[in-house]
Amino acid sequence: PRRIPPQMILDTTASRYGFTVDAICGPSRTRPLVTARQVAMYLTRNLTDYSYPAIARVFGGRDHTTVIHAVEKISGQMKERRQIYEQVTDLLLKIKTGT
């Protein structure tokens, strides 16, 4: 399987949600932006072999516990909310196929 760089995940997630990569990695905490950031963190954790601290560095030097929270939150929401599940699986497919 080909290696998926975190930048590809960031680019795909940013365009899906209508944000810039800088915004996703930046300090803003508006609700739609936070959701996009958490989805990107979840995807990075699941599609790469990056550790929580490494993912935190990719996302603007955040604390690794922020990444743990994001991964757990998106995992839970995927079970409860169909919309989140569909968004994440759509992004997974796009990233894995490189489209």
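**Exercise 1. In which hand of crossing does α3 pass α6? Describe how the two helices pack and which residues are involved.**

Solution. The structure is a predicted model.

Step 1: handedness. The crossing in which α3 passes α6 is right-handed.

Step 2: geometry. The axes of α3 and helix α6 (residues 82-97) cross at roughly 50° and come within 11 Å. Angles of 65 to 115 degrees count as roughly perpendicular and those under 35 as roughly parallel. α3 and α6 are therefore oblique to each other.

Step 3: residues. From α3, the contact takes Thr35, Val39, Tyr42, Leu43 and Leu47, and from α6 it takes Ile84, Val88, Leu91, Leu92, Ile95 and Lys96.

Step 4: classes. Nine residues of this contact of α3 with α6 are nonpolar, one is polar and one is charged.

**Exercise 2. At what angle do α3 and α5 pack, and which residues meet?**

Solution.

Step 1: geometry. The angle between α3 and α5 is about 95°, and their axes lie 8 Å apart. That makes α3 roughly perpendicular to α5, because angles of 65 to 115 degrees are assigned to that class.

Step 2: residues. On the α3 side are Gln38, Val39, Met41, Tyr42 and Arg45. They meet Thr66, Val67, His69, Ala70, Val71, Lys73, Ile74, Ser75 and Met78 in α5.

Step 3: classes. The contact of α3 with α5 holds eight nonpolar, four polar and two charged residues.

**Exercise 3. Characterise the packing of α1 with α3: what are the crossing angle, the hand and the make-up of the contact?**

Solution.

Step 1: geometry. Helix α1 (residues 6-17) and helix α3 (residues 31-47) have axes that cross at roughly 150° and come within 9 Å. The crossing of α1 past α3 is right-handed.

Step 2: residues. α1 contributes Pro6, Ile9, Thr13 and Tyr17, while α3 contributes Ala36, Val39, Ala40, Leu43, Thr44 and Leu47.

Step 3: classes. The contact of α1 with α3 has eight nonpolar and two polar residues, and no charged ones.

Step 4: recurring residues. Val39 of α3 belongs to the contact with α1, to that with α6 and to that with α5. Leu43 and Leu47 take part in the contact with α1 and in that with α6.

**Exercise 4. Which residues line the largest pocket, and which element gives the most to its lining? Then describe the second largest pocket.**

Solution.

Step 1: the largest pocket. Its space is about 180 Å³. The lining consists of Pro27, Arg29, Val34, Arg37, Gln38, Met41, Arg62, Thr66, His69 and Ala70.

Step 2: elements. Two or more lining residues come from each of α3 and α5 (64-80). α3 gives the most, with four residues.

Step 3: classes. Four residues of this lining are nonpolar, three polar and three charged.

Step 4: the second largest pocket. About 150 Å³ of space lies in the second largest pocket. Ten residues line it, and Arg3, Ile4, Leu47, Thr48 and Asp49 are those nearest its centre. Its lining comprises six nonpolar, one polar and three charged residues.

Technical notes:
Residues numbered from 1 in each chain as written. Predicted model: local features only at pLDDT ≥ 70, side-chain atom pairs only at ≥ 80, totals over all residues. Heavy atoms only, no water. Axes fitted to C-alpha atoms, helices over the stretch in contact; angles between N-to-C directions. Left-handed = near helix turned anticlockwise from the far one by under 90°. Contact = heavy atoms within 4.5 Å. Nonpolar A, V, L, I, M, F, W, Y, C, P; charged D, E, K, R; others polar. 1 Å grid on protein atoms, 1.4 Å probe; cavity = no way out; pocket = protein on both sides within 12 Å on 5 of 7 lines; lining within 4 Å. Points joined across faces, edges and corners; volume = space filled by probe spheres on them. Parallel < 35°, antiparallel > 145°, perpendicular 65-115°, else oblique.
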